[in-house]
Amino acid sequence: MILMFSVENWRSFREKVTLNMTATAEKQHSERLPIIDKYRLKVLPTAALYGANGSGKTKFIEALAFFQNLVLNGTKNPSSAFQARVGLSE
């Protein structure tokens, strides 16, 4: 489970951009949030990326896919595995 993911200086992201899946101290609907008991932390069950055309939504998803590939496959032939994962062609 990824609770926080940040991207910086990758593709169209110059500045740091972060997706944080931990809940705030907001009380409304807090009973619906899953809790990680070990850390006494409430997490968000879903997320949505939205923004104007060309704002980086797809590039952010590609960064997540790259990270997933890196974790699952390591550094063995990363370029072809990345292209297959995000549907890119040479």
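This passage walks through the fold, the nonpolar core, the aromatic pairs and some surface features of a predicted model.

The protein chain contains two helices and four strands. Read from the N terminus, these elements follow the order β-β-β-β-α-α. Of the 90 residues in the protein chain, 18% are buried. The accessible surface of the chain amounts to about 7300 Å², and carbon and sulfur atoms account for 53% of that area. As for contacts between residues at least 6 apart in sequence, 36% of them join residues at least 24 apart.

A good place to begin a tour of the interior is the nonpolar core. In general, nonpolar side chains of soluble globular proteins tend to be buried together. In this model, the largest nonpolar core consists of six residues, namely Phe5, Val7, Trp10, Phe13, Phe60 and Ala63. At least two residues of this core come from strand 1 (4-7), and at least two come from helix 1. Helix 1 spans residues 57-73. Ala63 offers a handy view of how the core is put together: once its neighbours within four places in sequence are set aside, Ala63 is in contact with Phe5, Val7 and Trp10.

The aromatic residues deserve a closer look. A pair of aromatic rings is described by the distance of the centres and the angle of the planes. Across the whole structure, four aromatic pairs are found. In one of them, the ring centres of Phe5 and Phe67 are 5.5 Å apart and the planes meet at 50°, so this pair is tilted. Because Phe5 belongs to strand 1 and Phe67 to helix 1, the pair ties together parts of the chain that are 62 residues apart in sequence. The two partners differ in their surroundings: Phe5 is buried, with a relative accessibility of 8%, whereas Phe67 is partly exposed at 34%. Another pair is formed by Phe13 and Phe60, whose ring centres are 6.2 Å apart and whose planes lie at 80°, so the arrangement is edge-to-face. Here Phe13 sits in the loop between strand 1 and strand 2 (17-20) while Phe60 sits in helix 1, so parts that are 47 residues apart in sequence are tied together. Both Phe13 and Phe60 are buried. Ring pairs also join Phe5, Phe13, Phe60 and Phe67 into a cluster.

Phe67 leads from the aromatic cluster to the surface. Together with Ile2, Val71 and Leu72, Phe67 makes a nonpolar surface patch of about 380 Å². Membership of such a patch requires over 30% relative accessible area, and Phe67 has 34%. Ile2, at 42%, is likewise partly exposed. Ile2 is located in the segment before strand 1. Not counting residues within four places in sequence, Ile2 is in contact with Met21, Leu64 and Phe67. Ile2 and Thr22 are 20 residues apart in sequence, and their C-alpha atoms are 9.8 Å apart in space.

A further set of contacts with helix 1 involves Leu49. This residue lies in the loop between strand 4 (41-42) and helix 1. Leu49 is partly exposed, with a relative accessibility of 39%. Beyond residues up to four places away in sequence, Leu49 touches Lys57, Phe60 and Ile61. The C-alpha atoms of Leu49 and Phe60 are 9.0 Å apart, with the two residues eleven places apart in sequence. Phe60 is thus a contact of Leu49 as well as a member of the largest nonpolar core.

Finally, the backbone holds two details worth checking in the viewer. Most residues other than glycine have a negative phi. Arg11, although not a glycine, has a positive phi of about 55°. Arg11 is placed in the loop between strand 1 and strand 2, and its relative accessibility of 49% makes it partly exposed. His29 is also not a glycine, and its phi is positive at about 65°. His29 is found in the loop between strand 2 and strand 3 (35-36), where it counts as partly exposed at 40% relative accessibility.

Technical notes
Residues are numbered from 1 along each chain as its sequence is written. This is a predicted model: local features need pLDDT of at least 70, side-chain atom pairs count only at pLDDT 80 or more; totals for chains, interfaces and linings use all residues. Side-chain values use heavy atoms; hydrogens and water are left out. Patches are made of residues with over 30% relative accessible area and no salt bridge: like charges are joined within 9 Å, nonpolar side chains (Val, Leu, Ile, Met, Phe, Trp, Tyr) within 5 Å. Accessible areas come from the Shrake-Rupley method with a 1.4 Å probe; for residues, only the protein chains shown count as cover. A salt bridge is a side-chain nitrogen of Lys or Arg within 4 Å of a carboxyl oxygen of Asp or Glu. Buried means under 20% relative accessible area, exposed over 50%, partly exposed in between (1.4 Å probe, protein chains only). A nonpolar core is a set of buried Ala, Val, Leu, Ile, Met, Phe, Trp, Tyr and Cys residues joined through side-chain atoms within 4.5 Å. Contact means heavy atoms within 4.5 Å. Rings of Phe, Tyr and Trp (its six-membered ring) pair if their centres lie within 6.5 Å; planes under 30 degrees apart count as stacked, over 60 as edge-to-face and the rest as tilted.
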